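Me: I'd like to practise reading a structure feature by feature. Could you take me through one?

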Amino acid sequence: PGDEPGHHPRIAAIAGLPENQRVAIVLRRYEGMPYEEIAKVLKTSVPAVKSIIFRARSALKESLKRYL
């Protein structure tokens, strides 16, 4: 029961992100994918990917601040 995604604040926070932010964060942080490849997956530009990841990280910091 303790291993279910809802029981891990970080996983729950990532799951709560908008889809493009969630995909970008997972591909960058957990898959180690370069910005250029993420841009292809999301069908956008590299600067847009960097902005998406910045917004996602900001949202994650805000939602996880009570655990930090």
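Reply: Gladly; we will go from the overall fold to single helices, then to a few residues and a pocket. Keep in mind that this is a predicted model.

Me: Let's begin with the fold. How many helices and strands does the chain have?

Reply: A good start is to list the secondary structure elements in order. Here there are 4 helices and 0 strands, so the pattern along the sequence reads α-α-α-α.

Me: What share of the residues is buried?

Reply: Buried stands for under 20% relative accessible area. Of the 68 residues in this chain, 22% fall into that class. Another useful figure is the range of the contacts: among those between residues at least 6 apart in sequence, 39% link residues at least 24 apart.

Me: Now a single helix. How many residues does H4 have, and what distance does it reach?

Reply: One way to read a helix is to set its end-to-end reach beside the expected one. H4 covers residues 46-64, which makes 19 residues. From first C-alpha to last it reaches 27 Å, close to the 27 Å expected at 1.5 Å a residue.

Me: Which residues of H4 are buried?

Reply: They are Val49, Ile52, Ile53, Ala56, Leu60 and Leu64.

Me: Why do these buried residues lie on the same side of H4?

Reply: Start with the general idea: an α-helix has 3.6 residues a turn, so residues three or four places apart point the same way. In this case, the buried residues of H4 cover an arc of only 95 degrees around the axis, and therefore sit on the same side of the helix.

Me: Which exposed residues are on the face turned away from that buried side?

Reply: That face of H4 carries Pro47, Phe54 and Lys61, which are exposed.

Me: And what do the buried residues of H4 pack against?

Reply: Their partners are three helices: H1 (9-15), H2 (19-30) and H3 (35-42).

Me: Let's try H2 in the same way. Which of its residues are buried, and what do they pack against?

Reply: The buried ones in H2 are Gln21, Ala24, Ile25 and Leu27, and they pack against H3 and H4. As for its reach, H2 has 12 residues and extends 16 Å from first C-alpha to last, close to the 16 Å expected at 1.5 Å a residue. After H2 comes Gly32, with a positive phi near 65 degrees.

Me: Gln21 catches my eye. Why does it count as buried?

Reply: Compare its accessibility with the cut-off. Gln21 has 10% relative accessibility, and buried means under 20%, so it counts as buried. Leaving aside neighbours within four places in sequence, Gln21, a residue of helix H2, is in contact with Ile52, Arg55 and Ala56.

Me: What about Met33, in the loop between H2 and H3: which residues does it contact?

Reply: Beyond its neighbours within four places in sequence, Met33 touches Leu27, Arg28, Ile38 and Val41. Its relative accessible area is 21%, which makes Met33 partly exposed.

Me: Where is Lys43, and what is its phi?

Reply: Lys43 is in the loop between H3 and H4. Its phi is near 55 degrees, a positive value in a residue other than glycine. Lys43 is exposed, at a relative accessible area of 76%.

Me: How do I read a separation such as that between Ala12 and Leu64?

Reply: Put the sequence separation next to the spatial one. Ala12 and Leu64 are 52 residues apart along the chain, with 9.8 Å between their C-alpha atoms. Ala12 belongs to helix H1 and is partly exposed, at 37% relative accessible area.

Me: Last, the largest pocket. Which residues line it?

Reply: For a pocket, take the volume, then the lining, then its classes. The space here is about 250 Å³. Arg10, Ile14, Ile25, Arg29, Tyr30, Arg57, Leu60, Lys61, Leu64 and Leu68 form the lining. H1, H2 and H4 each give at least two residues, with the largest share, 4 residues, coming from H4. By class, the lining has 6 nonpolar, no polar and 4 charged residues.

Conventions
Residues numbered from 1 in each chain as written. Predicted model: local features only at pLDDT ≥ 70, side-chain atom pairs only at ≥ 80, totals over all residues. Heavy atoms only, no water. Expected span 1.5 Å × (residues − 1). Buried < 20%, exposed > 50% of the residue type's maximum accessible area, 1.4 Å probe, protein only. Arc of directions from axis to C-beta. Contact = heavy atoms within 4.5 Å. 1 Å grid on protein atoms, 1.4 Å probe; cavity = no way out; pocket = protein on both sides within 12 Å on 5 of 7 lines; lining within 4 Å. Points joined across faces, edges and corners; volume = space filled by probe spheres on them. Nonpolar A, V, L, I, M, F, W, Y, C, P; charged D, E, K, R; others polar.
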